[in-house]
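Visitor: I would like to go through this model with you. Could you take my questions one at a time?

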Amino acid sequence: MLKKLLLLSFALIFIASFANAGPRLTKEQLDKTYGTELVVKRYGDGTYGVIGKNSFNANWHPVLSNSKFTDNVMWDTTLISRIYMPSGQDNIMDMQSNGCPVEIIQDPNNPNKIHVILQYAPPGDGTASPNRRTKYFYSNDKGQTFVYVGNVSEDRTGYASITLTPGNGIEMISTHVGSSPVYYLDAATGLGSWTKLEAEKRPYVWLKTAFTSSLTNPMKFVTVLAPNGTDSAFWFNCSSMSPTPGTFGPYNLYYSSDGEAYQIASSTDGKVGIIYKANDVLIPNDVGDLFLMESTDNGVSFGAPLKIFDADISPSGDSLAAFRGMGIVYQGSNPCVVFETARQTTEGGFFSSMPQNIRFWSKTLPGSDPNRSIIIVDTNNTPFYQFYIPTSNTSYDIYVTYCRPAIGRAASGNGLFVTFMAPAGVNMSDGAIWGGVDTTVYEANYVLYSGDGGLNWVAPKRITPIDTTTVGGQYTKMKDYTYPSISQTNDVDANFWYLNMVVIEDSIPGSYQYHTNNGEPRCKQLYMRIKIPRADVGIQNVSNTTPSKYALNQNYPNPFNPVTSIRFSLPKVSVVTLKVYDITGKLVSTLVNNETVSIGEKEVKFDASNLSSGVYFYSIQAGDFSDTRKMIVLK
């Protein structure tokens, strides 16, 4: 009997080790995943993917050159805070949104105050989560510490978002109870004494809300939302929050896909912007297109939609179309938009494992719409680790290669920040790290930034750890990082930007609602505050005219003391590095560090105040182009 028990134990250990063996997948497994088409389905108020027709050309394998990537954590930054939200309760609700959550906000008028919400369900609640609640946390010391204030409501709430009243900075939570839109407005900042506001009862969910520029405006805030199970979306405004339940305007239909394929933001000068993915059923000629709809009168009315991205899903196109992840923030009066694309079919299928990109759009970019947006994340600047979809499972998270981007801005100046999810990996030959059984791959979070309002971007860097420690073939320390959210406004000082964000850290990859065979997760909400050296003064745009070829010009003046200008030309969007070396070949300054730079003639200032007289060399790498020139410091 003892012998049989020992054999059984060894067999169980072997099976467990094999099931959780991790990233060592065969090429055949990955190739099979590569051409797997998924389609979007609904479970309650959540969305997930199921295997579709596999109609895409599975033999389509683009050439990827990723050998340049080291995937190091961070650039010249400091992670000031890394704090778990302090509710002290285990959470199985690891899915926070069907798109991009809005779960953190810093008060632009008092940056010490940071507000965070979390969607929560207790252990044992199951995938139906009858005890799902929205938890609220508050910091009054710029995120050094957080206080758990409590549940926003004891009602079952879903997929909440947070915003602040203009001026006095009181938090309001937008959510749905049952299938009706509701709001919880606090009596004072951080107090947790909630007044419940309710719009007209309709089976509409997934609320996103933006206050207008002042509470003295005729309209106080605007909400976008959608019916659950019907392919459409609506917006309405609120003219009074008192007396309860508030005074709300009519529901206005606009042609967006549902399931949180939209976002909203406002400016301080009377604008409200709504971005949305086109409704594939109601406007079939705009499958995968992205639109911006703006109000210039503080949410009283909205103008005609502007198409800001035109997808090409024709047989000759690249099949990249706007998907679920998107964000918008106003920098002054200028809307700044980030959005993911995915390889899709005209029938609504999508391909998680194929390379795609994240794009940025604003009215200040050169060119004209709908072709103004630029690629800021793709396989040229971010490691590509392919998804693995286990054949034993039947449902999947609606993730793609680079997905769920969120955008925030600096409180002053031209700083913009974007965070997104991507599969975690150690090196290109081994591929992504898979969680085993019926889960997907582990996800990592990346951050990139721009110092000039989005014209140029510093290449993404991973900000979450990868720990491949194994015991018995199982990962013991590896975590899944999903659903990142950035505060729309982030504080600054004379030398640094400060990025405030939250993300879900999970013990098991993939959302529990759709991956149950590994048991319940124990996920936590992680707050991170990151300090980034300001890059407001960096690459200057001299001309938007497309040059005929790459070029690095002679600096002017030369010789110089102590400042000179260096110009270079880019015939296409390129990842640029520009460095200065002394006569011995020692690096003395990095002027441009692996930044994605738009087409045109550019100029960078170089200050040699801390250098002695002598000969120096400046060298550029832009795409496949490289060149070096000599300059002289004469003091």
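The conversation below turns to the overall chain, its cores, its cavities and one surface residue.

Guide: Certainly; please bear in mind that this is a predicted model.

Visitor: How many helices and strands are there in the protein chain?

Guide: The protein chain has two helices and 43 strands.

Visitor: And what share of the residues is buried?

Guide: Of the 635 residues in the protein chain, 58% are buried. The accessible surface comes to about 24100 Å², and carbon and sulfur atoms hold 52% of that area.

Visitor: What about contacts between residues 24 or more positions apart?

Guide: Among contacts in the protein chain with a separation of 6 or more, such pairs account for 62%.

Visitor: Let us move to the interior. Which residues touch the most other members of the largest nonpolar core?

Guide: Those are Trp235, Tyr254, Tyr262 and Ile274, in a core of 46 residues. At least two residues of this core come from each of several strands, including β2 (46–51), β12 (204–211), β14 (233–240) and β18 (272–277).

Visitor: Which residues does the second, separate core include?

Guide: The second core has 29 residues, among them Phe384, Tyr402, Ile407 and Leu448. As a general point, nonpolar side chains in soluble globular proteins tend to be buried together.

Visitor: Now the voids. How many cavities of 30 Å³ or more are there?

Guide: The count is two. The largest cavity has a volume of about 50 Å³, and the second largest holds about 40 Å³.

Visitor: What lines the largest cavity?

Guide: Its lining consists of Leu38, Ser352, Phe387, Ile389, Tyr396, Asp397, Tyr399 and Thr440. By class, these are five nonpolar, two polar and one charged.

Visitor: And which residues line the second largest cavity?

Guide: Among them are Thr47, Met95, Arg404, Tyr483 and Tyr514. Asp397 and Tyr399 belong to the lining of the second largest cavity and also to that of the largest cavity. The lining of the second largest cavity divides into five nonpolar, three polar and two charged residues.

Visitor: A change of topic: where is Lys549 found?

Guide: Lys549 sits in the loop between β36 (540–543) and β37 (551–552).

Visitor: Why does Lys549 count as exposed?

Guide: Lys549 counts as exposed because its relative accessibility is 58%, and the cut-off for that class is over 50%.

Visitor: Which residues does Lys549 touch, leaving out those up to four places away in sequence?

Guide: On that basis, Lys549 touches Ser569 and Pro571. Leu570 is 21 residues from Lys549 along the chain, and their C-alpha atoms are 6.8 Å apart.

Conventions. Residues numbered from 1 in each chain as written. Predicted model: local features only at pLDDT ≥ 70, side-chain atom pairs only at ≥ 80, totals over all residues. Heavy atoms only, no water. Core = buried A, V, L, I, M, F, W, Y, C linked by side-chain atoms within 4.5 Å. Buried < 20%, exposed > 50% of the residue type's maximum accessible area, 1.4 Å probe, protein only. Helix = DSSP H or I, 4+ residues; strand = E, 2+ residues; numbered from the N terminus. Contact = heavy atoms within 4.5 Å. Areas by Shrake-Rupley, 256 points an atom, 1.4 Å probe, with all protein chains shown as cover. 1 Å grid on protein atoms, 1.4 Å probe; cavity = no way out; pocket = protein on both sides within 12 Å on 5 of 7 lines; lining within 4 Å. Points joined across faces, edges and corners; volume = space filled by probe spheres on them. Nonpolar A, V, L, I, M, F, W, Y, C, P; charged D, E, K, R; others polar.
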